[in-house]
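Biologist: Please take a close look at sheet architecture for a first-year student. Begin with a single sheet, and set out its order, its pairing and its packing.

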Amino acid sequence: MPQEQIRSSLSVILEEMGASPPSIHLERPKDPDHGEWASNVAMTLASTLRRSPRQIAEEIAAAFPTGAQTGVASVEVAGPGFLNFRLSTDAVTRTVATILEEDADFGRQAVSDEAPVLVEFVSANPTGLLHLGHGRQAALGDALASLLEWAGNRVSREFYYNDAGRQIERLALSVQARYHQHFGREMPLPEDGYRGRIVSEIAAEFAEAEGERWLDDPEGAGLERMREFAVTRLRAEQDLDLNTFGVRFDRYFLESSLYTEGRVETTVEGLRESGLVYEKDGAVWLRTTEFGDQKDRVMIKSDGSATYFLPDVAYHVTKWERGFHRAINVQGSDHHGTVDRVRAGLRALGLPEGYPEYVLHQMVTVERGGEEVKFSKRDGDYLTLRDLVDEVGRDVTRYFFLMRKPEAHLVFDLDWAADESDKNPVYKAKYAHARVCSILRKAGGAAPDPDASLELLSSEIERELIQQLGSFPELVERAAAHRAPHLACDWLEHTAGQVNAWYHHGNPARNPGGAVLVDDPDLRAARLALTGAIRVVLRNALTLLGLDAPERMERAESDDEPGEG
RNA sequence: GCGCCCGUAGCUCAGCUGGAUAGAGCAUCGGCCUUCUAAGCCGACGGUCCCAGGUUCGAAUCCUGGCGGGCGCGCCA
């Protein structure tokens with residue numbers, strides 16, 4: 001890798017100059033005139049060496065070993081003191097061979113021995129269908145987990161079910177009301193009940209299965225059955241949606257298990273031992289302000305029951321004890337108030353500061369025709385993840401949820417999402433992939449040859465395209481480090497755009513010399529190798545984001561069913 | 001009132017550790033065109049990076065103070 005050679009050559013030179021910066025920053029300049037790599041070391045060292053940046057840069061440039069050894073053809077000093085490195089054509093085009101050789105592993109780092117990471121996401125209560133916030137979270141958590149895997153981490157995906165709280169009780173009471181209504185009885189929905197259609201449907205199913213026998217339910221046994229029935233049904237619905245969405249979890253963790261296994265109790269004892277627990281107004285409090293929380297928190301209410309804070313802390317203790325010394329929670333930013341208190345509770349138990357890490361995302365709104373799509377809150381129905389996937393497909397939904405940084409509000413434009421042309425970044429990327437697959441098929445399907453005369457790929461457009469393909473591993477690293485899947489979306493769209501431009505540039509009807517399938521066998525082999533490398537990188541990038549990489553695309557208007565319709 | 005997040009082109013948004021002339025997509029406008037199958041291709045227009053100070057060789061980026069928007073501030077989850 002040329003950048004490694006540049007970096008090590010630089011550090012040797014700098015050492016001789018009496019300066020050894022902790023790290024040497026190399027970047028890919030935006031402007032191709034600035035070469036393939038650039039460094040600002042001369043500028044950062046100006047003050048310590050007490051000389052002008054340009055002077056330092058000149059000295060480095062003069063000492064820099066160009067030639068086959070480093071792959072650097074020339075070094076120039078530019079602007080305020082940048083060092084611009086221009087690679088030899090050979091050094092650039094070698095990337096194509098590397099990509100072909102590494103194939104499905106190109107961009108993937110070797111697995112490190114760092115602590116495994118637990119990514120917790122979605123964690124919806126089983127009280128309704130998954131809404132758009134859950135959808136964004138499903139896409140984000142899954143892509144983030146995938147990014148971390150590509151970056152060499154051991155990763156586990158987990159879903160935490162709040163199946164023990166008041167919300168479940170409300171659900172049961174709501175089903176009960178709908179059950180009575182189903183049989184024409186008067187029973188109003190509880191004030192804070194769930195109004196959604198799905199609840200009525202579940203009540204109807206229950207009525208179908210169990211008949212009228214629970215209309216009289218003095219012991220509450222019927223209510224208990226309804227609770228179980230509804231939770232099971234809703235979990236099944238959520239699982240169905242998550243499967244359709246292509247999200248798999250390694251584990252579903254039930255809140256109720258924290259109670260049945262005594263973890264909540266253990267947590268209470270642990271907190272009491274911390275000496276930060278006190279009683280006030282009949283409740284038990286934890287002095288979370290000790291660790292930067294805005295106010296102290298109640299852990300046991302005056303009626304003797306736990307607040308949700310307690311199982312939350314207990315749950316995170318299990319994460320730590322299960323060896324996940326790195327944990328990332330993907331949550332809606334409306335929950336950011338819980339961050340400080342959970343961390344405080346964990347610190348009181350001796351866990352390190354800043355555990356767990358949070359990725360908080362903003363809300364999602366949907367627009368059609370430039371207008372926000374409103375849904376009726378009154379009848380409890382809302383736009384669901386399922387609605388979106390039914391309308392524009394799984395991959396588009398995933399991508400649109402990922403394309404904005406988590407902390408920014410997301411506008412889901414349905415018109416744009418439904419567009420199947422290159423204007424839609426998802427289709428743009430898929431078409432680019434399908435196009436290169438098509439060329440490879442047309443070429444006879446033989447495997448692209450990494451030993452082709454790659455130095456023939458010397459045109460500006462090809463050189464820049466290869467540079468872009470070669471930046472994929474850095475993209476993975478950066479996006480993982482920043483917990484930022486949207487960077488991968490940007491990168492994919494940009495790369496697909498470059499691929500498409502290259503493809504159109506080589507349109508045989510207009511520019512036969514630029515086509516892949518030219519007559520000259522050497523050039524043809526070199527371009528086929530590049531085509532193969534494009535396929536590898538696009539496929540890897542799509543896979544990274546959990547999207548399909550189709551080898552061919554069907555025309556929407558190929559509904560040419562003869563005899564039908 | 002306090003805390004967190006956001007404010008960049010008409011719209012939706014990127015912008016790496018502070019770096020070179022601030023970038024995409026959409027929309028608009030102007031050409032071209034029917035493809036190595038793919039609902040097009042090429043180009044142009046478009047900026048007070050919310051405001052005001054500060055830090056320094058250099059600020060969209062860091063600091064302080066405002067302004068505007070979102071969210072949160074329960075013995076609810």
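Modeller: In this predicted model, three strands make up an open sheet of mixed pairing, in the order β14-β13-β15. Strands are DSSP runs of E with at least two residues, helices are runs of H or I with at least four, and both are numbered from the N terminus. Two strands pair if DSSP finds at least two bridges between them. The edges of this sheet are β14 (371-372) and β15 (410-413), each of which pairs on one side only. Strand β13, residues 364-368, runs parallel to β15 and is joined to β15 by 4 bridges. Within this pairing, Val366 has Phe412 in β15 as its bridge partner. A helix covers part of the sheet: α15, residues 394-402, packs on the sheet and touches β13 and β15 (heavy atoms within 4.5 Å). The direction of α15 makes about 150° with that of β15; axes are lines fitted to C-alpha atoms, for helices over the stretch in contact, and angles run from 0 to 180 degrees between N-to-C directions.

Strands of a sheet pair through backbone hydrogen bonds, either parallel or antiparallel.

A further sheet may be set beside this one. It is also open, with 5 strands in the order β7-β6-β5-β11-β12, and its pairing is parallel. Its edge strands are β7 (251-254) and β12 (357-361), and each pairs on one side only. From one strand to the next, the twist averages 25°. Inside the sheet, β5 (residues 117-120) and β6 (residues 155-161) run parallel and are joined by 4 bridges. Here Val117 stands opposite Val155 in β6. Helix α6, residues 132-150, packs on this sheet, where the helix touches β5, β6, β11 (326-332) and β12. The direction of α6 makes about 155° with that of β11.

For orientation, chain A is divided into domain 1 (2-87), domain 2 (89-114 + 420-565), domain 3 (166-244) and domain 4 (261-361), with bounds from an automatic or database domain assignment. The centres of domain 2 and domain 4, taken over C-alpha atoms, are separated by 48 Å.

Residues are numbered from 1 along each chain as its sequence is written, chains are lettered from A and ligands numbered from 1 in the order in which they are written, and side-chain values use heavy atoms, without hydrogens or water. Local features need pLDDT of at least 70, side-chain atom pairs count only at pLDDT 80 or more, and totals for chains, interfaces and linings use all residues.
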